[in-house]
Amino acid sequence: MLNLMSSEQSVKRAAELLRQGATMLSESCPLCNSPLYKLKNGEIVCPVHGRVIIARDEEEEKKLKRGISLDYTEQILVDSMSVVVEKLKNDPMNSEVIVQLIRYLDSLERLKRIRDLAQTQEK
Ligand SMILES: [Zn+2]
């Protein structure tokens, strides 16, 4: 279901990119394997994940992949969390919803820790 939705979205996004004058590249996104597009300003984007930087070597590719997947995870978490927050607004005493919200906050905190750790390792 989720895959179906995102592939539909990516087709729509890709059509939009082409309309804006982007060209399709032979490279594909390291995360989702969608074909990448080059914008008029030279930026390379994935229709699903947004801006992508093509790695020069394997080490850089690993680093970039990690960054993209963390960004993507964060985006999904924040989006999902806002759904939970809406639920909480309508039903403030629903402890199940509160627990769910705590889980999201916890996930975001962990995500931040992983990102900080990755940054210190790069120094
Ligand atoms: Zn992608």
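I'll start in the sheet. Lysine 38 has isoleucine 44, in strand E3, as its bridge partner. E3 covers residues 44-46, and two bridges join it to E2 in an antiparallel arrangement. Between those two strands sits a hairpin with five residues, and there glycine 42 takes a positive phi near 90 degrees.

Before going on: this is a predicted model. The mean pLDDT over the protein chain is 86, and 93% of the residues score at least 70. Confidence is lowest in helix H1, residues 2-19, with a mean of 77. It is highest in helix H3, residues 95-122, at 91.

Back to lysine 38. What is its bridge partner on the E1 side? That is threonine 23, which pairs with lysine 38 in E2. So much for single residues; now the strands. E1 is residues 23-28 and E2 is residues 35-38; they run antiparallel and are joined by three bridges. The hairpin of E1 and E2 has six residues between the strands, and asparagine 33 takes a positive phi near 65 degrees in it.

Now the whole chain. How many helices and strands does it have? Three helices and four strands. In sequence order the pattern is α-β-β-β-β-α-α, with one helix ahead of the four strands and two helices after them.

On overall dimensions, the radius of gyration is 18 Å, where a compact globule of 123 residues would be near 14 Å. Along the principal axes, the C-alpha atoms fill a box of roughly 50 × 40 × 25 Å. What share of the 123 residues counts as buried? The figure is 10%. Turning to contacts with a separation of 6 or more, 27% of them come from residues 24 or more positions apart.

Next, the domains. The assignment gives domain 1 as 1-54 and domain 2 as 56-123. Their centres, taken over C-alpha atoms, are separated by 23 Å. Domain 1 puts five residues into the contact and domain 2 puts in six. What classes of residue does domain 1 present on the side that touches domain 2? Four are nonpolar, one is polar and none is charged.

To recap: the chain is predicted, with a mean pLDDT of 86. E2 is joined to E1 by three bridges and to E3 by two. Lysine 38 has bridge partners in both directions, threonine 23 and isoleucine 44. The radius of gyration is 18 Å, against near 14 Å for a compact globule of 123 residues, and the two domain centres are 23 Å apart.

Terms used
Residues are numbered from 1 along each chain as its sequence is written. This is a predicted model: local features need pLDDT of at least 70, side-chain atom pairs count only at pLDDT 80 or more; totals for chains, interfaces and linings use all residues. The radius of gyration is taken over C-alpha atoms; the globule rule is 2.2 Å times the number of residues to the power 0.38. A residue is buried if 20 or more other C-beta atoms lie within 10 Å of its own, exposed if 12 or fewer, and partly exposed in between; C-beta atoms are placed from the backbone. Two residues are in contact if their C-beta atoms, placed from the backbone, lie within 7 Å. pLDDT is the predictor's confidence in each residue, from 0 to 100. Domain bounds come from an automatic or database domain assignment. Ala, Val, Leu, Ile, Met, Phe, Trp, Tyr, Cys and Pro count as nonpolar, Asp, Glu, Lys and Arg as charged, and the others, Gly among them, as polar. Two strands pair if DSSP finds at least two bridges between them.
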